[in-house]
Amino acid sequence: VKAVVNVGYSPTFVGEENREKIVEAHLMGYEGGDFYGKEMRLVLAAFQRGEKKFGSFPELIAAINQDVKDASDALDTEELRVIKDHPYLKQGSGMASWMVMGYDETVKASKL
C-alpha cells in the first residue's frame, strides 16, 4: 500500500502539538479498520517537503491531498515502483532478511 508519512510534531494544532517527534502514515486507498497498536512496516523512499504549520485545518487537508497525489505519481515511476517488492515489506520477513539486501540492490530514493 502506498503511503505519505509525516515525521514531526503536528505544529498546526496549537496547544496540541506533540512533545516528542511522531510518525504518522496516511495509507492511500486504505479502507480497512483501525490499525492502532498493530505492526506496520514502512520504507521511507523519498523526501517530499518539510513539516510546516498551516493557518487552518482546511489548508492542512488541501496540502495533504496534494501530497498524496504527488507521492502517488512519484511512487508509480520506474525508479520507485520497485519498493513494493522490498523484502522488509513482506509479511513474516524479519530484519535479518531485510539486511541481506544492500542499498544499491533495492532502490536509490530521490527527492519528489
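This report describes the fold, confidence, core, salt bridges and surface of one protein chain in a predicted model.

Residues are numbered from 1 along each chain as its sequence is written, and because the model is predicted, local features need pLDDT of at least 70 and side-chain atom pairs count only at pLDDT 80 or more, while totals for chains, interfaces and linings use all residues. Side-chain values rest on heavy atoms, with hydrogens and water left out.

## Fold and confidence

The secondary structure of the protein chain comes to four helices and two strands, where helices (H or I, at least four residues) and strands (E, at least two) are DSSP runs numbered from the N terminus. Along the sequence these elements follow the pattern β-β-α-α-α-α. Contacts (heavy atoms within 4.5 Å) between residues 24 or more positions apart make up 59% of the contacts in the protein chain with a separation of 6 or more.

The mean pLDDT, which is the predictor's confidence in each residue on a scale from 0 to 100, is 77 for the protein chain, and 79% of the residues score at least 70. Among the elements, H1 has the highest mean pLDDT (92), whereas helix H4 (residues 103-106) has the lowest (43). Over residues 96-112 the pLDDT is below 50, although this stretch has 29 contacts in the model beyond near neighbours in sequence. Where pLDDT is low, the predicted coordinates should not be read in detail.

## Burial and the nonpolar core

Of the 112 residues of the protein chain, 20% count as buried; here buried means under 20% relative accessible area, exposed means over 50%, and partly exposed lies in between (1.4 Å probe, protein chains only). The largest nonpolar core, that is, a set of buried Ala, Val, Leu, Ile, Met, Phe, Trp, Tyr and Cys residues joined through side-chain atoms within 4.5 Å, has nine residues in all: Val-4, Met-28, Ala-45, Val-68, Ala-71, Ala-74, Leu-75, Leu-80 and Ile-83. The largest share of this core, four residues, comes from H1.

## Salt bridges

With a salt bridge taken as a side-chain nitrogen of Lys or Arg within 4 Å of a carboxyl oxygen of Asp or Glu, the count comes to three. The table gives the N to O distance for each pair.

| Pair | Closest N to O distance |
|---|---|
| Asp-76 and Lys-2 | 2.7 Å |
| Arg-49 and Asp-67 | 2.7 Å |
| Lys-69 and Asp-73 | 3.0 Å |

In the salt bridge of Asp-76 with Lys-2, Asp-76 lies in the loop between H1 and helix H2 (78-81) and Lys-2 in the segment before strand E1 (3-8), so the pair ties together parts that are 74 residues apart in sequence. The C-alpha atoms of Asp-76 and Lys-2 are separated by 9.6 Å. Asp-76 counts as partly exposed because its relative accessibility is 40%, and Lys-2, at 28%, is also partly exposed. Leaving aside residues up to four places away in sequence, Asp-76 touches Lys-2 and Arg-81.

For the salt bridge between Arg-49 and Asp-67, Arg-49 is placed in the loop between E2 and H1 and Asp-67 in helix H1, so the pair ties together parts that are 18 residues apart in sequence. Arg-49 is partly exposed at 32% relative accessibility, whereas Asp-67 counts as buried at 12%. Once residues up to four places away in sequence are set aside, Asp-67 touches Val-4, Gln-48 and Arg-49; Val-4 is also one of the residues of the largest nonpolar core.

Lys-69 and Asp-73 both lie in helix H1, four residues apart, which is about one turn of the helix. Lys-69 is partly exposed with a relative accessible area of 49%, and Asp-73 is partly exposed with 42%.

## Surface

The protein chain exposes about 8400 Å², of which carbon and sulfur atoms supply 54%; accessible areas come from the Shrake-Rupley method with a 1.4 Å probe, and for residues only the protein chains shown count as cover. On this surface Val-5, Val-7, Val-23 and Leu-44 form a nonpolar patch with about 340 Å² of accessible area together. Patches are made of residues with over 30% relative accessible area and no salt bridge, like charges being joined within 9 Å and nonpolar side chains (Val, Leu, Ile, Met, Phe, Trp, Tyr) within 5 Å. Within the patch, Leu-44 is placed in the loop between strand E2 (22-27) and helix H1 (57-75), and Leu-44 counts as exposed because its relative accessibility is 59%.
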